[in-house]
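Please load the model in your viewer and keep the sequence panel open beside it. The stops below are given in the order in which they are to be selected.

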Amino acid sequence: MCKGLATLPATCLKSAKDIKHKISFLLQKPEPHAADQKEIKEKNTTVAAKRFPDAAEVEKWKESFSHVMSSEMGRMVFTSFLKSEFSQENADFWIACEDYKKTQPSKLTTKAKKIYQQYVQADAPNEVNLNAATREKTRQEIESGSPSCFDEAQKMIYTLMEKDSYRRFLKSKLIQDVYQKDTANEKKSCDWADSRQVLAGGA
């Protein structure tokens, strides 16, 4: 039966307090220094900026589909758009093919089979829209582990995205929002410049 803290020896109470103090100290998270906080803030700002394209970048995307796919931001935004259309596998397959071409020769065959099973074979988890002839030709060529074994299938999917999804992508709400955002920012900049000229003239 517990008799209460009052009946415990003073040495026991002191030990308990010491243990509690040590546990509290260990649980405390050290506050980052001012320099660290600044670095974290700058890093987060950079990441946030990279998540949203500007009008100049979108203008390049409008010139050709190749500008979209050659840009890391372009691929990310376009893939996000395809996801909304339930056809993300097309961009994922194209990117996987690009990555495959950079694979070490000793790992080509293994990686080729994984890509084939993931995207190309009938009823694959992320099956892309290929005709039977291209699908069969790709199946035969992956056995060789050649860096070009997916070229024909990749080209077919690229053309499909360019002629179909790309056109809708340019008219999507995301692209329109970018223009509206940049137009608003440009107007604010112009208004600020005009205000400074008026003040300078009146001085």
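Among contacts in the protein chain between residues at least 6 apart in sequence, those that join residues at least 24 apart make up 59%. This is a predicted model, and its 203 residues include 26% that count as buried. With the whole chain selected and a surface drawn, about 14,700 Å² is exposed, of which carbon and sulfur atoms supply 56%. Switch to a cartoon and the secondary structure comes to ten helices and zero strands.

Select α8 and α9 next, whose axes come within 9 Å and cross at roughly 145 degrees. On the α8 side the residues to show are T134, K137 and T138, which meet E152, A153 and M156 of α9. Sorted by class, this contact of α8 with α9 consists of two nonpolar, two polar and two charged residues.

Stay with α9, which covers residues 151-170, and centre the view on E162, where the helix bends by about 40 degrees. Which residues of α9 are buried? Colouring A153, Q154, I157, Y158, M161, S165, Y166 and F169 picks them out. While following these positions along the helix, bear in mind that an α-helix has 3.6 residues a turn, so residues three or four places apart point the same way.

Move now to S71, in the loop between α4 (65-70) and α5. Is S71 buried or exposed? Its relative accessible area is 15%, and because buried means under 20%, S71 is counted as buried. Leaving aside residues up to four places away in sequence, S71 touches E57 and W61. Show the side chains of S71 and E57 as sticks, and a polar contact of 3.3 Å can be traced between them.

The last two stops concern the backbone in loops. Select F86, which lies in the loop between α5 (72-84) and α6 (88-100); although F86 is not a glycine, its phi is positive, at about 60 degrees. F86 counts as exposed because its relative accessibility is 74%, where exposed means over 50%.

Finally, go to D123, in the loop between α7 (108-120) and α8 (132-141). Here too the residue is not a glycine, yet D123 has a positive phi of about 65 degrees. With a relative accessibility of 71%, D123 also counts as exposed.

Terms used:
Residues numbered from 1 in each chain as written. Predicted model: local features only at pLDDT ≥ 70, side-chain atom pairs only at ≥ 80, totals over all residues. Heavy atoms only, no water. Helix = DSSP H or I, 4+ residues; strand = E, 2+ residues; numbered from the N terminus. Buried < 20%, exposed > 50% of the residue type's maximum accessible area, 1.4 Å probe, protein only. Polar contact = N/O pair within 3.5 Å; in protein donor to acceptor, adjacent residues only side chain to side chain. Contact = heavy atoms within 4.5 Å. Bend = angle between axes of the 7 residues up to and from the residue. Axes fitted to C-alpha atoms, helices over the stretch in contact; angles between N-to-C directions. Nonpolar A, V, L, I, M, F, W, Y, C, P; charged D, E, K, R; others polar. Areas by Shrake-Rupley, 256 points an atom, 1.4 Å probe, with all protein chains shown as cover.
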